[in-house]
Amino acid sequence: MAQTPSGNLARTVAWASFIGTAVEWYDFFLYGIASAVVFSKLFFPNYDPLVGTLISFSTFAVGYLARPFGGALFGHIGDRVGRKSVLVTTLLIMGVATTLVGLLPTYERIGIWAPIALLVLRLLQGIAVGGEWGGAVLMAVEHAPANKRALYGSAAHMGAPAGLILSTGTFAAFALLPQDAFLDWGWRIPFLLSIVLLCVGLFIRLKITESPAFEKLKAEGGQSQRPVSEVLRSPGNIVRVALLRCIDGVGSSTYSFFAATYAVGHLGFSTSVSTMGNVIGGAVGLISVPIAARLSDRYGRRRVYMAYVTFAMLIVFPVMYLIDTGVPALFWLAMALGLGVANYGQYGSVSAYFAELFDTKVRYSGASIGYQVGGAIFNGTAPLVATALTAWSGSIWPIGGFIALSAVVSLITAWLSPETGRRDLTVDAPAATATGVNVGASHVLGR
């Protein structure tokens, strides 16, 4: 039987989750930023600029649509073979795909094959990150002391703002080159640097041990033969996780990607000024995530999550106003509030929350599929919807309504969800209710 890990080991695993996830999100965010300012010009040049941006964001959305397949594929492997092997595999796939983007010939060189190759590599990115999130979170949560699961689990989510800072900071630095040099070769360097980050991430991840909860399950021969099929037979918690991600998905993609496009195309900002908003939002997020996680460990997942979603809904129109002033400093403040505090603050609860909703034998599959289905529906489509709303209205204000509506969906879902903070992760929850929602009352509420 696996033993409870020491505090030092738990911290090492949390650190490994953070580093590896930061590398993967560096790769994933880099594509989104390049979609906004480069790909529409180099890979879809024969279109009106707005249409080219929409098509470019469509390839961005494909990465999100591929993520549920990655979640199901690697969720099966993670629940059958183990968490660690998946983390190494997904990191390899992501790093190689991102590096190859930096080597792609453009439309001018090879015609239609350029966007096709770009689409294939984006699919690989989506599949990889679809499997990555569940493994990184579960390794941290399942190694963590019971009273610090949100804090340790949030290390994986802190990789998202760290990756955002790395990707946008690197991209913004090369965007300072003369325009011709940047479009010729400068944009490629951030993608090629992924190979260095890949080596660092692999070195760290190969050193960590398998999670105690999975080792206990394996020693008892309790693995599910078909974890994906098993968890899909009672899909209530998968639906729950996906809907809880509504505000996160819409908010993060709108602030991270659409806002940069809007700032350049409508406000006249330079690429470096607009992407600096993401750097500031990510830096604030690195502070917001662990604070929210500590609150979640103390006051409960559901209560803290709902507080941050409510805040996100209340500030959305003030944030839209700040963005639309056209003043760089106010734009950066908007990103700090909307992205850094409201959006990233939600991540403090959800890593532990989503893991605690599922039993060990299907935890990787259930949490990954729910999380990635939510990402495909909400993250992947938000920049497209935001761009279309702007084209229709000529204004940013309908986007505020779009974000507020997504907050309402997540708040209602959270209101109908159980608290999970005191659940024993090594013990199966009771059977699902008639609605297919596994509330796990006795173990979840510690009664």
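In this predicted model, helix α6 (residues 149-175) and helix α16 (residues 328-356) have axes that come within 8 Å and cross at roughly 135 degrees. Angles that are neither under 35 degrees, nor over 145, nor from 65 to 115 count as oblique, and therefore α6 is described as oblique to α16. The crossing of these two helices, α6 and α16, is right-handed.

**Where α6 and α16 meet**
- On the side of α6, the residues in contact are Arg149, Ala150, Gly153, Ser154, His157, Ala160, Pro161 and Leu164, and they meet Leu339, Tyr344, Tyr347, Gly348, Val350, Ser351, Ala352 and Glu356 in α16.
- Sorted by character, the residues of this contact divide into nine nonpolar, five polar and two charged.

**Nonpolar cores**
- The largest nonpolar core holds 112 residues, and those with the most contacts inside it are Phe39, Phe171, Trp187, Met320, Ile323 and Phe354.
- Helix α1 (residues 7-42) supplies the largest share of this core, namely 19 residues.
- Leaving aside residues up to four places away in sequence, Ile323 touches Tyr262, Leu267, Phe331, Ala334 and Ile396.
- A second core, separate from the largest one, has five residues, among them Val23, Val88, Leu91 and Leu202.

**The chain as a whole**
- The secondary structure of the chain consists of 20 helices and zero strands.
- The chain has 447 residues, of which 60% count as buried.
- When contacts between residues at least 6 apart in sequence are considered, 84% of them join residues that are at least 24 apart.

Technical notes: Residues are numbered from 1 along each chain as its sequence is written. This is a predicted model: local features need pLDDT of at least 70, side-chain atom pairs count only at pLDDT 80 or more; totals for chains, interfaces and linings use all residues. Side-chain values use heavy atoms; hydrogens and water are left out. A nonpolar core is a set of buried Ala, Val, Leu, Ile, Met, Phe, Trp, Tyr and Cys residues joined through side-chain atoms within 4.5 Å. Buried means under 20% relative accessible area, exposed over 50%, partly exposed in between (1.4 Å probe, protein chains only). Helices (H or I, at least four residues) and strands (E, at least two) are DSSP runs, numbered from the N terminus. Contact means heavy atoms within 4.5 Å. Axes are lines fitted to C-alpha atoms, for helices over the stretch in contact, and angles run from 0 to 180 degrees between N-to-C directions. A crossing is left-handed if the near helix is turned anticlockwise from the far one by less than a right angle, and right-handed if clockwise. Ala, Val, Leu, Ile, Met, Phe, Trp, Tyr, Cys and Pro count as nonpolar, Asp, Glu, Lys and Arg as charged, and the others, Gly among them, as polar.
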